[in-house]
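Okay, thanks for coming, everyone. I'll put the structure up and then walk you through some sheets and helix pairs.

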Amino acid sequence: MWRRLRSALRSLRGSPAVPPPGAGGGGGGAAAAMERAVVRCVPSEPKLSLRLVLPDGSARHMQRDQAEPLGRALARIATNAAKGHGKAGKKSKKARAEEGADGGEAVAAPAVRLFSREGAAVAEEVPNAAAWQDGAVLHIGAARYRVERNPPALTELRLPRSLLAGFPVCPKVSAEFAAPQHCLFRWYREQRPAGGGDAPGEAWVEAAEGERVFTPSNALVGLRLKLRCTPGDGEQRYGPAREVESSGPVEAGPGACTFDNRHLYTKKVCGRGSVRAVSYNILADTYAQTEFSRTVLYPYCAPYALEIDYRQNLLKKELAGYSADLICLQEVDKSVFVDSLGPALDAFGLEGLFKIKEKQHEGLATFYRRDKFSLLSQHDIAFSEALLSEPLHKELCDQLAKYPLVQEKVLQRSSVLQVSVLQCTTDPCRKLCVANTHLYWHPKGGNIRLIQIAVALSHIKHVACDLYPNIPVIFCGDFNSTPSSGTYSFISSGVIAEDHEDWVSNGEEERCSMALSHPFKLLSACGEPAYTNYVGGFHGCLDYIFIDKNALEVEQVIPLPTHEEVTTHQALPSVSHPSDHIALICDLKWK
């Protein structure tokens with residue numbers, strides 16, 4: 001407790017949050033000797049907070065109404081300061097007797113005033129929210145305090161649990177009144193003990209400075225890492241630094257990975273007129289860590305390679321190396337998005353959006369490159385909910401009601417659709433409708449998938465034709481449908497006949513015959529690979545990037561890993577591949 005208290009006092013007594021650490025000192029005088037008065041004032045909250053160390057050395061944290069007149073806040077500070085002086089001035093009975101003091105004298109409250117940055121006294125009737133401005137000076141008796149309003153502050157700093165040599169270490173950085181891209185980073189490694197024995201104490205050696213992402217070399221295997229982060233707001237204001245140490249040492253990486261050769265094609269980000277898109281089912285931890293997965297689905301995969309911490313190392317390196325503009329992911333655990341992939345891809349310039357499945361711990365994530373696109377709007381839906389509640393799908397819903405067994409199964413599914421409308425930052429006339437989904441998985445669920453994709457395409461039509469007329473569509477996902485399926489045929493041709501065999505995919509009892517159509521001209525940008533999913537008992541093409549062929553064309557398809565690479569460890573996932581699916585990657589351009 002005392003250690004935390006001393007730390008709090010040090011942070012309040014630290015240098016003002018104006019110059020960056022290590023900056024040269026100009027203007028030493030009185031301002032440099034000032035204590036700090038840290039004010040947090042957010043418009044959406046009714047109170048502001050004030051933290052300072054009073055002249056007697058006691059730390060104070062006050063909460064005051066933003067609309068309250070400044071005079072009341074100053075009076076409370078004066079009262080607290082008088083109490084502090086009173087406590088500090090108390091002496092033992094023997095000491096008072098020796099000095100002939102009766103100890104009954106009241107301590108006078110010090111004069112407390114607030115002055116603006118320009119030096120004018122702030123009137124006591126001014127509301128707190130307007131009075132406590134950055135750079136103002138608070139006088140408490142003879143003591144002087146520089147007001148720091150909403151200084152940059154770290155709220156969370158965390159390193160991944162698993163560190164592998166040759167794989168990027170991406171910290172999770174959460175800050176208030178600051179942004180990770182404006183923070184200062186300094187990385188340290190443990191000093192290797194001389195003679196191979198245990199080190200007598202912790203000793204750290206600087207390993208890198210300025211880089212938010214650090215990739216440890218093989219020379220650091222066996223050593224822990226430490227990160228020191230100083231929050232900044234991009235306006236040359238910096239807050240107190242924080243440090244975090246890794247929970248374990250850097251471990252040796254797996255060697256060659258299935259995506260290494262693919263990275264040779266994606267070393268650079270595409271040019272302005274092009275878009276690199278990725279679609280990837282990354283295998284949710286909630287499915288990878290079941291007994292069924294370990295013993296039946298993936299018995300060939302080393303248990304440690306199924307652990308989420310290990311797989312995240314591979315995923316972050318793989319995705320970062322694709323230099324993509326758009327990434328659509330499926331089976332993304334919510335915790336993975338929040339704590340791992342979101343912060344990591346943010347460090348590589350990508351903004352992330354997440355849509356969770358109802359009653360599930362995983363969902364969809366769409367990332368877009370910030371310097372190429374801005375987000376105009378989101379139009380995410382859950383299929384079952386949209387089917388029942390949106391007038392757009394009433395005709396389909398009425399047809400489905402004729403088949404109660406199928407209707408029940410469709411409405412039980414938690415599948416979702418993520419739709420994001422993006423605008424090109426360099427050419428605002430260019431917009432994209434980016435859709436992402438993961439359809440029902442069951443091999444006999446072809447009829448369910450046809451209903452789901454009909455809802456999806458109807459919703460996309462509403463966005464890309466009604467809300468934003470004639471904008472191109474990129475539709476990514478794990479469709480759980482091979483090229484010979486009704487779902488693939490419907491997407492590609494625009495129609496599905498009522499007598500298609502997929503309407504009876506689960507037998508005559510669940511026959512569901514409908515004639516459906518959609519207006520898009522969609523093309524599978526990566527063609528029809530032999531497989532995008534390769535496990536012990538199955539391999540086939542289930543994943544696609546469909547594009548509007550009237551508006552977009554394919555510049556380049558990044559080759560999939562060779563069959564030899566995929567089967568090096570029998571099947572997927574493996575120590576060198578983090579999922580049971582393979583990422584699809586292509587470069588597109590506007591026609």
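**Sheets and helix pairs**

Let's start with one strand pair: β1, residues 35-40, and β6, residues 143-149, run parallel and are joined by five bridges. If you want a register for that, arginine 36 has arginine 146 as its bridge partner in β6. Before I go further, keep in mind that this is a predicted model.

So where does that pair sit? It's part of an open, six-stranded sheet, and reading across you get β3-β2-β1-β6-β5-β4, with mixed pairing. At the edges you have β3 (59-65) and β4 (112-115), each of which pairs on one side only. From one strand to the next, the twist averages 25 degrees.

Now for another sheet. This one is open too, made of six strands in the order β15-β16-β14-β13-β29-β28, and the pairing is again mixed. Which strands are at the edges here? Those are β15, at 350-356, and β28, at 552-557, and each has a partner on one side only. The twist averages 25 degrees from one strand to the next. Take the β28 end: β28 is antiparallel to β29, residues 584-590, with five bridges between them. Valine 554 has leucine 588 as its bridge partner in β29.

As a quick reminder, sheet strands pair through backbone hydrogen bonds, in either the parallel or the antiparallel sense. The next stretch shows both on a single strand, β20: antiparallel with β19, parallel with β21.

Let me take those one at a time. β19 and β20 share seven bridges, and a hairpin of six residues connects them. For the register, glutamine 418 is bridged to asparagine 436 in β20. On the β21 side, where β21 covers residues 473-478, there are six bridges, and cysteine 433 stands opposite valine 473.

How enclosed is β20? Seven of the eight residues in this strand, which spans 431-438, are buried, so the rest of the structure largely encloses it.

While we're here, have a look at glutamine 423, which belongs to β19, residues 416-424. Is that residue buried or exposed? Its relative accessibility is 18%, and the cut-off for buried is under 20%, so glutamine 423 counts as buried. Leaving aside residues up to four places away in sequence, glutamine 423 touches Lys372, Phe373, Ser374 and Leu376, and also Pro428, Arg430 and Lys431.

Okay, over to the helices. Packed helix pairs get described by two things, the angle between the axes and the distance between them.

The pair I'd begin with is α10, residues 308-321, and α11, residues 334-347: the axes are 10 Å apart and the packing angle is about 30 degrees. That makes α10 and α11 roughly parallel, because angles under 35 degrees count that way. Their crossing is right-handed. Who makes the contact? From α10 it's Ile308, Gln312, Lys316 and Leu319, and from α11 it's Val336, Ser340, Leu341, Ala344 and Leu345. By class, you get six nonpolar residues, two polar and one charged.

The other pair is α15, residues 446-467, with α16, residues 486-493; here the axes come within 9 Å and cross at roughly 25 degrees. So α15 and α16 also come out as roughly parallel to each other. The handedness of this crossing is right-handed. On the α15 side the contact uses Gly446, Arg449, Leu450, Ile453, Ala454 and Leu457, while α16 brings in Gly486, Thr487, Phe490 and Ile491. Sorted by class, that's six nonpolar, three polar and one charged.

If you look at the spacing within those contact lists, one general point helps: an α-helix has 3.6 residues a turn, so residues three or four places apart point the same way.

Let me stay on α16 for a moment. Its buried residues are Gly486, Thr487, Tyr488, Phe490 and Ile491. What covers them? The cover includes α15, and then β22 (495-496), β23 (516-517), β24 (522-524) and β27 (543-548). And one last backbone detail: just after α16, glycine 494 has a positive phi, at about 90 degrees.

That's my tour, so over to you for questions.

Methods. Residues are numbered from 1 along each chain as its sequence is written. This is a predicted model: local features need pLDDT of at least 70, side-chain atom pairs count only at pLDDT 80 or more; totals for chains, interfaces and linings use all residues. Side-chain values use heavy atoms; hydrogens and water are left out. Two strands pair if DSSP finds at least two bridges between them. Helices (H or I, at least four residues) and strands (E, at least two) are DSSP runs, numbered from the N terminus. Axes are lines fitted to C-alpha atoms, for helices over the stretch in contact, and angles run from 0 to 180 degrees between N-to-C directions. Angles under 35 degrees count as roughly parallel, over 145 as roughly antiparallel, 65 to 115 as roughly perpendicular and the rest as oblique. A crossing is left-handed if the near helix is turned anticlockwise from the far one by less than a right angle, and right-handed if clockwise. Contact means heavy atoms within 4.5 Å. Ala, Val, Leu, Ile, Met, Phe, Trp, Tyr, Cys and Pro count as nonpolar, Asp, Glu, Lys and Arg as charged, and the others, Gly among them, as polar. Buried means under 20% relative accessible area, exposed over 50%, partly exposed in between (1.4 Å probe, protein chains only).
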